[in-house]
Amino acid sequence: MKVAVIQFPGSNCDLDVVHVLRNILNIPTDLVWHKFFQNKIYDAAILPGGFSYGDYLRSGAIASHSPAMEEVKKMAEDGKPVLGICNGFQILIEAGLLPGALLPNDCLKFVCKWVILKCETSRTAFTCLIPEGKILYMPVAHKEGRYFNLEEDLKSIWKEQQVVFRYVDENGNPTLEANPNGSIQNIASVCNKEGNVVGLMPHPERASEKILSPYKNSDGLLLFESMINYLKR
Amino acid sequence: MVKNKPIPVKVNLTPKEIRMVRKLLGREPTYVEWGMFDIMWSEHCSYKSSKPILKKLPTSSPKVLVGPGYDSGIVDVGDGMAVAFKVESHNHPSAIEPYNGAATGIGGIVRDILATGARPILLIDPLRFGKLETGRTKWLFRYVVKGIGDYGNCIGVPTVAGEVEFDESFETNCLVNVACYGLVRKDKIFLARFDKPGDILVLIGGATGRDGIHGVTFASKTISEESEEDRPAVQIGDPFTKKLLIEAVLEVLETGYVDGVKDLGGGGLTCTTSEMAAKGGTGVEIILDNLHVREEGMNPYELMLSESQERMLLAVNPEGLSKVLGVLEKYEIPYSIIGKVTDSGKLIVKFKDEIVASIPPKYLAEAPTIKRKAKKPLNLEKLWRIKKPKEPKNFSEILYKLVSTPNIACKEWVYQQYDHEVGVRTILKPGDSDAAVLRIIETGKAIAVKADCNSRHSYLDPFNGGAGALAEASRNVVCVGAEPLAYTDCCNFGNPEKPEVFWQFKRGVEGLAYMSRKLRIPCVGGNVSFYNEDSESKIAVKPSLVVVILGLIENLDGLVTAAHDCSKGGLAIALALMAIKGKLGVKVDLSKIPTSKPIRMDELLFSESHSRIILTTSTKENAKQILKIANKKGAPANLVGKVTDDDNFTLTFDGRKIVECSVTQMERFWKETIPKALEVR
């Protein structure tokens, strides 16, 4: 098993993801410069957070045209797990691999804080070990993370079980206060129809060790463990 | 007698300095050389007024690897690792153009850390503004925070701590200080010097343009109406290029073919080449025609003085040049080969086949110091004799008011705009504790960091203000279980040509030196920003000597469940903040508080006396043990109350109720002040 963390110019959470995969989970992991990425060498790919190309034009817009993304598309078609975190989620959306759009936060500011998430589906490559309805704690850190989709498309992604996580309060309710950026229906994460490509705004790699969490848990690790489980199946 | 020719460019040198320049060179300098002396002998680059005073600070300990004199101080944190850290002011640019002024402040300090070979791992931002009510303050505050956030977030270096102080003296001249810490292996530390003649000089990063020309001489003047015209002297930041530069520089240094590296900041190419050659005792030859530029038709004066951002200079072993250039090409970093290190002992600058400057580097790097006059301000005695106000009656109401004052209120509005988690090191985050704690993944230890200053104390008593800043900073890292190892200071003062201002500076540094010796914490670097004064009102900022500290945590557990030092707002505020953060009630008997003499109730509650810490622990046995330890060390201590599982904040004195507040109500006031003042509804 070998995982690629794809480094775009301006990625800045790449080393954090590599740390979790290599040092916490002992998974062979390569940090791959975007121009050198080849789909066939790897079993899974992670697009880390950051500011690819300085977020110029629109977050993720320029990176989505990197030659690496053609390779990522092939990977997605082959059913291999692909995870986009924060800016990686923005890139996957811009590349058309995930439905919807990510708009500037409703407060128009960068927001860095811990949020509460509820798992909406266990059918994806990154949530197969997370029971539906489970509450997870993770931080967000972004300026353009307001998920948006048209009403018809929202209906369709719910029907196809493509909503993966939502922002909720301690009791699991998707309240206004629990929503850090104004995302429609508090949606924090979506997947493709097949469930092998997942994008999310919160940072699981920052919540993968108890010592980093104000809630003293390692909820983020569940996503990476799910990926390992999915690959072993 | 031969009359000197008029100087062809505008210089801010004194007549005495002008004479010295002519004497040193033994001839009439070229216009390029005048510009180079002008910038290198400016207060900002040369520390000509402050150097004699700063010498009083103790600078060594077994843990100090590199002390003052280089780009950043470097301290041993064990297991083969070291921390490089430095603070800088970006006050003048931020007061004119808050967004880019603050952003490029971050850019500059990050390059300084990078130049030691360290990966930047955290930022701290001590900020000072005028009264929060004014439009100017709101504008400055909003855009300084946005500038820091946009830049720091993009380059992936977490902003984990800071300070925000509001006081009318900062209305025109806000203070924007920025500190960066980096992590480096002890055997991979780089020093900014040219040691090897024959090395090729490669200028990398941003293209050189006309921006920032004379940024340094601008920082050595007071702010006036004309300063608006200085706007081109404020540089524009490019965090995306900076992020690439960070990765490229770290990878280039790994090749083993780089012998020297330094950033281009204040003073541009002039400062970098002259300082590196002066330190290494070598010479430099630069061909200006080779620079990659942003604008056509720049003359050598502009090229040597430009402060365009995101640039660094490498001295590369010719054998490894192609390997180094290969890394730069991978990251698509623009570069130009601009010259070489020589053994000529001269900084020679060529342009269009002509020598436009030829100066021994140490003439530029070692500016003559100035002995300034110091005089105690006349009004100080009067201020000390001000009559105490009448003792107030309703202390609960006062406490509610105090938690809502901008200086004490919650700063979540600020730090939520900073990515403080990137890097997966931040264990104690902004707002959690007295200091931020970041783990060193490589060694299993952790560092604690904090910046402190109380400008009001310093104004009334600069000596104790300077001493107090270090006392408070060390207390803050101690409160999270760290041992203070070293500090760096950022001195923000008015016009040093005024004896009263220089006295404040002198006394402040003397106080700092005193505390530094007493606590045995060395100073490893610093920054001085003078001329923070409104040109019209002639009012200088309150003297602000900011201490930025590094502590080391060897072991992450202890007896104590929470610890908080008493600082702004004194004991009552310290207790209130602990209750708010813990979402628990507090019951304290004030008659149990150790005091040196009987004092009034308002003094007992709100005195800002130093060296006081409130501890909480889970069992009576632990509490007894803590008192025993304190007793053994000769520190006055007492059991004063307990944490309760309710919403009541109750302070009594011998059974008499003094304060009775609701914790949730205090929390609401504490949290809403800053967003209320800034948010558009």
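**A walk through the two chains**

In chain B, helix α20 (residues 570–582) and helix α23 (residues 663–678) pack at an angle of about 100°, with axes 9 Å apart. That angle makes α20(B) roughly perpendicular to α23(B). From α20(B), the contact draws on B:A576, B:A579 and B:I580, while α23(B) brings B:V663, B:M666, B:E667 and B:W670. Sorted by class, this contact has six nonpolar residues, no polar ones and one charged. Please keep in mind as you look around that this is a predicted model.

One residue of that contact, B:A576, leads us on to the nonpolar core. The largest such core has 274 residues, and those with the most contacts inside it are B:L314, B:V449 and B:A576. Take B:V449 as a place to look around from. Setting aside neighbours within four places in sequence, B:V449 is in contact with B:L122, B:I124, B:V160, B:A161, B:Y181, B:A435, B:A436, B:I549 and B:L550.

A second pair of helices in chain B is worth a visit. Helix α18 (residues 462–478) and helix α19 (residues 499–519) of chain B have axes that come within 6 Å and cross at roughly 40°. This angle is why α18(B) counts as oblique to α19(B). The crossing of the two helices is right-handed. On the α18(B) side, the contact is made by B:P462, B:F463, B:N464, B:G465, B:G466, B:A467, B:A469, B:L470, B:A471 and B:S474. On the α19(B) side, the residues include B:R507, B:G508, B:G511, B:L512, B:M515 and B:L519. Together, the residues of this contact divide into 11 nonpolar, eight polar and two charged.

Stay on α18(B) for a moment, for B:R475 lies in this helix as well. Is this arginine buried or exposed? B:R475 is buried, because 25 other C-beta atoms lie within 10 Å, and 20 or more are enough for that label. Apart from residues up to four places away in sequence, B:R475 touches B:D565 and B:I613. To get a feel for distances in the chain, look from B:R475 to B:P197: they are 278 residues apart along the chain, and their C-alpha atoms are separated by 47 Å.

Now move to the beginning of chain B. B:V11 is found in the segment before α1 (15–25). With 20 other C-beta atoms within 10 Å, B:V11 is buried. Its contacts, not counting residues up to four places away in sequence, are with B:W34 and B:D38. Those two partners are themselves buried residues of α2(B). That helix, residues 31–40, is mostly covered, with nine of its 10 residues buried. B:V32, B:E33, B:G35, B:M36, B:F37, B:I39 and B:M40 are also among the buried residues of α2(B). Looking far along the chain, B:V11 and B:F669 are 658 residues apart, and their C-alpha atoms are separated by 52 Å.

Before leaving chain B, have a look at a loop. B:E332 is found between α12 (321–330) and β11 (335–342) of chain B. Its phi is near 55°, a positive value in a residue other than glycine. B:E332 is exposed, as it has 11 other C-beta atoms within 10 Å.

Chain A has a residue of this kind too. A:N26 is not a glycine, yet has a positive phi of about 55°. This asparagine is found in the loop between α1 and β2 (29–33) of chain A. With 9 C-beta neighbours inside 10 Å, A:N26 counts as exposed.

Helix α3 of chain A (residues 87–94) makes a contrasting stop: eight of its eight residues are buried. They run from A:N87 and A:G88 through A:F89, A:Q90, A:I91, A:L92 and A:I93 to A:E94. What covers them? The cover includes β3 (44–47), β4 (82–85), β5 (101–103) and β11 (197–200) of chain A. After the helix comes A:G96, whose phi is positive, near 80°.

Finally, turn to where the chains meet. The contact takes 23 residues from chain A and 23 residues from chain B. On the side of chain A, α1 (14–24), β6 (111–119) and β7 (135–142) each supply at least two residues. The largest share, three residues, comes from β6(A). By class, this side of chain A has 12 nonpolar, six polar and five charged residues.

Note on methods:
Residues are numbered from 1 along each chain as its sequence is written. Chains are lettered from A and ligands numbered from 1 in the order in which they are written. This is a predicted model: local features need pLDDT of at least 70, side-chain atom pairs count only at pLDDT 80 or more; totals for chains, interfaces and linings use all residues. A residue is buried if 20 or more other C-beta atoms lie within 10 Å of its own, exposed if 12 or fewer, and partly exposed in between; C-beta atoms are placed from the backbone. Helices (H or I, at least four residues) and strands (E, at least two) are DSSP runs, numbered from the N terminus. Two residues are in contact if their C-beta atoms, placed from the backbone, lie within 7 Å. Axes are lines fitted to C-alpha atoms, for helices over the stretch in contact, and angles run from 0 to 180 degrees between N-to-C directions. Angles under 35 degrees count as roughly parallel, over 145 as roughly antiparallel, 65 to 115 as roughly perpendicular and the rest as oblique. A crossing is left-handed if the near helix is turned anticlockwise from the far one by less than a right angle, and right-handed if clockwise. Ala, Val, Leu, Ile, Met, Phe, Trp, Tyr, Cys and Pro count as nonpolar, Asp, Glu, Lys and Arg as charged, and the others, Gly among them, as polar. A nonpolar core is a set of buried Ala, Val, Leu, Ile, Met, Phe, Trp, Tyr and Cys residues joined through C-beta atoms within 7 Å.
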